[in-house]
Amino acid sequence: MSVVLNEDIPCNLCGARDATLLYPSTLTNPSLNAADFRCTSSEYGVHPPIVRCNVCSLVYANPRWDSSLVSESYSVIEDPTYVEERAGRVLTFSRNLAPFENLIAPNSPTRRLLDVGCHIGVMIELAQARGWEAWGVEPSVWAAEQARARGLRVVTGTLSDAQIPENYFDVVTMWDVIEHLTDPTAEICNVHRVLKPGGVFAIHTIDIESLFARAMGKRWPWLMEMHLYYFSPKTLSKMLAQNGFRLIRSSAQGRYLRLGYFVTRIEPYSKLLYRAFGALVTRFNLGSVAIPVNFGDLFTLYARKI
Ligand SMILES: [Zn+2]
């Protein structure tokens, strides 16, 4: 099957079709087959045209691949490096559970959490260990199976497929997911439906308006084919406000990575630094040490269902 950038979309935040090209496409072959799409979609710096809405400033990929291709590619995706990175993710998510506990009503009779795009279920497992009734939905068949093999409650598919009752959860989390969705507004409405009134929605994503992203310009490594939306705290807050949420707070937030993995993440920034740092990590056998990483270009936003 051959695919092309054939989906020309309006702004998902304000509906306008009035955008300015921010970064031109870097695709060398804009018409490729579906298998190639899956393999190359995680490459840094390879992306379709990225535009900024002239009305509301939302940044997004346009034109882009067909939505059906995007959905299909997520259902078949496998990522063994994520399993290897489990330790780093345990540290990252552990730090994120306490804020939810402080944000839900202290007298709430339930503590129910849903992680949308839960992948192998690290967040759910940690939440369960802290006494939450925790659920996940995950489109990758492989990742959902990994999670269920650990005894976790994970539904394969998307939130709209999952048939979750209305007003059920106290907290919904979405970690590094919203930038991949074809229709974030629709998904925010889905989250609104399953949250209880007063429930908390926590979203972690990349920040196109961060100092680091602006300084890196077209070399910002998060400009990738898999990323369809590039939010900022401002555009994301606006989308949430339009769909029944009130902002609680938003702040820059990094993550924990093992040094061995971090080294591989430096490569797109600087080849020289990558080689020098890589040699040090190997020499002193530091590959498994976990370190906090924060360039200020990732943020977490907490909002409450009105
Ligand atoms: Zn707009």
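# A guided walk through the structure

An open sheet of four strands, paired antiparallel, runs in the order β2-β4-β5-β11. At its edges stand β2 and β11 (229-230), each with a single partner strand, so one side of each has no neighbour in the sheet. Please keep in mind as you look around that this is a predicted model.

Let us begin with two strands of that sheet. β2 and β4 run antiparallel and are joined by four bridges. If you would like one pair to find on screen, take Y23, whose bridge partner in β4 is I50.

From here it is a short step to the metal site. Which residues hold the zinc ion? Its protein donors are the SG atoms of C11, C14, C53 and C56, which lie 2.2 to 2.4 Å from the ion. Along the chain, these donors follow the spacing C-x2-C-x38-C-x2-C. C11 belongs to the loop between β1 (2-3) and β2 (19-23), while C56 belongs to the loop between β4 (50-53) and β5 (59-61), so this pair links distant parts of the chain, 45 residues apart. Are C11 and C56 buried or exposed? Both C11 and C56 are buried.

The geometry of the site is worth a look too. The angles among the four donor atoms of the zinc ion are 98 to 116°, and the site is tetrahedral. For comparison, the ideal angle for four tetrahedral donors is 109.5 degrees.

Now let us turn to charged side chains. Side chains of opposite charge can pair when their charged atoms come close. How many salt bridges does a search of the whole structure find? The search finds eight. One of the salt bridges brings us back to strand β4: E209 pairs with R52, and their closest N and O atoms are 2.8 Å apart. Because E209 sits in the loop between β10 (195-206) and α8 (211-216) and R52 sits in strand β4, the pair ties together parts that are 157 residues apart in sequence. E209 counts as partly exposed, at 28% relative accessibility, and R52 counts as partly exposed as well, at 26%.

A second salt bridge is formed by the side chains of R111 and E101, with an N to O distance of 3.7 Å. R111 lies in the loop between α4 (86-103) and β6 (112-116), and E101 lies in helix α4, so this pair ties together parts that are ten residues apart in sequence. R111 counts as partly exposed, at 30% relative accessibility.

R150 and E125 form another salt bridge, their closest N and O atoms being 2.8 Å apart. Here the loop between α6 (141-149) and β8 (153-156), home of R150, is tied to helix α5 (residues 122-129), home of E125, so the parts joined are 25 residues apart in sequence. R150 is partly exposed, with a relative accessible area of 44%, and E125 is also partly exposed, with 24%. Salt bridges can share partners too, and in this way E101, R111 and R130 are joined into one network.

E125 has already taken us to helix α5, so let us stay there. The buried residues of this helix are V122, M123, I124, L126 and A127. What do the buried residues of α5 pack against? They pack against α4, β6, β7 (133-138), β8 and β9 (169-175). After α5 comes G131, which has a positive phi near 95°.

Strand β6 is where you will find D115. D115 is buried, with a relative accessible area of 2%. Which side chain makes a polar contact with the side chain of D115? It is the side chain of T173, at 2.7 Å. Leaving aside neighbours within four places in sequence, the contacts of D115 are M123, I124, W135, G136, V137, T173, M174 and W175. Among them, M123 and I124 are also buried residues of α5.

Our last stop is E166, in the loop between β8 and β9. Is E166 buried or exposed? At 53% relative accessibility, E166 counts as exposed. Leaving aside neighbours within four places in sequence, E166 is in contact with R193 and V194. The C-alpha atoms of E166 and A147 are separated by 24 Å, and these two residues are 19 residues apart along the chain.

Note on methods
Residues are numbered from 1 along each chain as its sequence is written. This is a predicted model: local features need pLDDT of at least 70, side-chain atom pairs count only at pLDDT 80 or more; totals for chains, interfaces and linings use all residues. Side-chain values use heavy atoms; hydrogens and water are left out. Donors are N, O and S atoms within 2.8 Å of the metal (3.2 Å for Na, K and Ca); water is not among the atoms, so sites may look incomplete. Four donors count as tetrahedral if all angles lie between 85 and 135 degrees; four count as square planar and six as octahedral if opposite donors are over 155 degrees apart and all others between 65 and 115; anything else is irregular. Buried means under 20% relative accessible area, exposed over 50%, partly exposed in between (1.4 Å probe, protein chains only). Two strands pair if DSSP finds at least two bridges between them. A salt bridge is a side-chain nitrogen of Lys or Arg within 4 Å of a carboxyl oxygen of Asp or Glu. A polar contact is a pair of N or O atoms within 3.5 Å; within protein, one must be able to donate a hydrogen and the other to accept it, and residues adjacent in sequence count only if both atoms are side-chain atoms. Contact means heavy atoms within 4.5 Å.
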